[in-house]
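The following questions and answers set out how terms are applied to a ligand site and its neighbouring strands. Please consult the structure as each point is raised.

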Amino acid sequence: MNSGSRKKADYIPTLSENRDKKFRNVLSKRQPDLTVVMENIHDPHNIFAIMRTCDAVGIMEIYIINTQGPRKKAAGKHSSSSANKWVTAHHFTSVEECVKALKEKNFRILATHLASDAKSLYDVNLTEKVALVFGNEKDGVSEELLPYADGNIIIPMVGQIQSLNVSVATAVSLYEALRQRTAAGHYDASKLSEAETEEIYTSWAKKS
Ligand code: SAM
């Protein structure tokens, strides 16, 4: 790296008072103990919509498994594409590697497999450290991933159609998590250490 590019990388812009307040407020509500796993979700519009909801409920990091090769690129510019600035995505090409990463961080893994023995979303404790796994638009959560799940949840449906769009299912589930976590006071005090807050603040300031 030459001195010019080093200077550019080291430079931290000074944020306006409003922006500084906004960043610190958002960081104080981040939920490092809640995450989403997207397994072989192909439609970029679904992926970006899910990331946008993750940011909205305070998710910091998500896990993306793609065992099926390159996915199609989104046409045009999305309004939700900026969500990937604020939510870090970890990418995996193997289910096993992703599960290993989640288990190392002590996440309980809950699949959303559309089976009759699944527990209702509304009967599950989402205030625990939990990773919610959402499956492919056509085939759902894979048979490969299911044995690793600690539980299986379903959003109740009483209509003619058997499943929701995956980004809708993610939003419904994450907003139930937000409801439970709000009631339990999870958004009242920051879950990040000062050092973590400053590190993320700096990286956001550089991107803003
Ligand atoms: N035929 C697929 C199946 O049997 O799983 C349907 C997949 S659905 C269109 C895509 C994903 O959205 C599912 O894998 C699941 O993650 C989520 N999903 C859709 N409806 C859901 C529901 N009622 N409860 C929980 N998750 C749901």
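**Ligand contacts and strand pairing**

Q: What makes the approach of L164 to the ligand a polar contact?
A: A backbone N or O atom of L164 lies 2.9 Å from a nitrogen atom of the ligand; a polar contact is a pair of N or O atoms within 3.5 Å, so this pair qualifies. Taken alone, the ligand exposes 560 Å², of which the protein buries 85% (Shrake-Rupley accessible areas, 1.4 Å probe). The model is predicted, with local features requiring pLDDT of at least 70 and side-chain atom pairs pLDDT 80 or more, while totals for chains, interfaces and linings use all residues. Residues are numbered from 1 along each chain as its sequence is written, and side-chain values use heavy atoms, without hydrogens and water.

Q: Why do the atom pairs of K138 and I155 with the ligand also count as polar contacts?
A: A backbone N or O atom lies 3.0 Å from a ligand nitrogen atom for K138 and 2.8 Å from one for I155; both pairs therefore meet the cut-off.

Q: Which residues are among the closest of those surrounding the ligand?
A: The ligand is surrounded by 17 residues, the closest being T112, G135, K138, I155 and L164; a residue is near if one of its heavy atoms lies within 4 Å.

Q: Why are strands β4 and β6 called paired?
A: Pairing requires at least two DSSP bridges; β4 (residues 108–111) and β6 (residues 130–134) share four, in the parallel sense, and therefore pair. In β6, L132 is the bridge partner of L110.

Definitions and conventions:
Polar contact = N/O pair within 3.5 Å; in protein donor to acceptor, adjacent residues only side chain to side chain. Helix = DSSP H or I, 4+ residues; strand = E, 2+ residues; numbered from the N terminus.
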